[in-house]
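Visitor: I should like a close look at a single part of this structure, the place where the two chains touch. Please explain the terms as they arise.

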Amino acid sequence: MYVVIAGGGKVGANVARSLIAMEHEVTIVEQRRDRVAQLEEEFGHAAMLGDATEIAVLERAGIARPPDLVLAVTGDDEDNLVISQLAREGYGVEKVIARVNDPRNQETFDLLGVSRTVCATSGLLGLVEHEVPEHGLVRLLELRREGLEVVEVQVVADSPAAGQRVSGLSLPEGSRLVSVMRNGTAEIAVGETVIHPGDQVVAILKPGAEDQLRRALVG
Amino acid sequence: MKAVIIGCGRVGSSVALQLAGEEWDVTCIDEDENALARLGSWKGGFVVGHGMDRDILEEGGAAEAHAAVVATDGDNSNIVIGQILQRRYSIQCVVVRVLDPARAEFYEKLGLRTVCPTQTAISTLVHAVRACEVGTVAQAAS
């Protein structure tokens, strides 16, 4: 497939290398002249100098073909948003993936309809939360476009859910318990499943119900 | 009537001053606190911060604004902030400065009101050359 990568920093270059190894055709667009010189050493003609938020530059990179995939992975969120919109709305590129540098800008990507995003900072924070279970609720998976997420909660001795049957819990609308993990073994949560202190409970829910779910399970 | 101006440089500050003189209640937002000096003895609002920042926009009154002008020195920032103001705060009159004519035209088609000073300069210059009627003068001289 043909992939245009906007942004030739560490992320762009490493993704390009992997895609080329998988025998995909790649063009990397980078606006810093010195960085392009480095990219050319490794990627030859696949590296291109220019500001990928300029329509003429995107056209030179073959945006009108259109590419099967555009990756907007510069270090600037506004640039990534504009590149994504130009690719999708302007040239009908079906698959566009954008990098979110500042997690506070995630809501702007959602608002502007740039829905396939990757945010390294949020990912790291998710892992940090996972390592600190008393933090409350850990996001395991977030399906933004589908409006669904999977979370994990650690139940402790004084949690309201401890000792309760799943059927007896007052869970928020639009949420379900999926499984209960105890001593390294997971079992599917059904109405009769009793939750014990120390259990790790996995739930599926609509975004927005996190706080209610947390209160119902761990207080 | 409330207006919020994002980017208080030469253009933004002049727009703010003119609107304030026409009885608009104007708040300016700029990253640089020194931008306030461009407004002279300013009686309107002034917020220091980035226009991508939700708290800053709301402190600047974006939620109550009837009009917004986005004129920071970055085209892409202006384009993104303009769309935020349109979509999140449903401000009907959002005008965005975009220096690149190609991007200005593209976003105009997507429903953003863009003003492109570069395109205006090009048209004005071409018009000025045409208005010289050099051809007619040269013909008359020969």
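Guide: What follows describes the contact between the two chains, with one pair of helices in detail. This is a predicted model, in which local features need pLDDT of at least 70 and side-chain atom pairs count only at pLDDT 80 or more, while totals for chains, interfaces and linings use all residues. Residues are numbered from 1 along each chain as its sequence is written, and chains are lettered from A and ligands numbered from 1 in the order in which they are written.

In this model, 15 residues of chain A are in contact with 15 residues of chain B; two residues are in contact if their C-beta atoms, placed from the backbone, lie within 7 Å. On the side of chain A that touches chain B, the elements giving two or more residues are helix H3 (55-60), helix H4 (77-91) and helix H5 (106-111) of chain A. Helices (H or I, at least four residues) are DSSP runs, numbered from the N terminus. The most is given by H4(A), with 7 residues.

H4(A) packs against helix H3 (residues 75-87) of chain B at an angle of about 70 degrees, with the axes 9 Å apart. Axes are lines fitted to C-alpha atoms, for helices over the stretch in contact, and angles run from 0 to 180 degrees between N-to-C directions. The angle therefore makes H4(A) roughly perpendicular to H3(B), a term for angles of 65 to 115 degrees. From H4(A), the contact is made by A:Glu78, A:Asp79, A:Leu81 and A:Val82; from H3(B), by B:Asn76, B:Ser77, B:Ile79 and B:Val80.

Conventions: Parallel < 35°, antiparallel > 145°, perpendicular 65-115°, else oblique.
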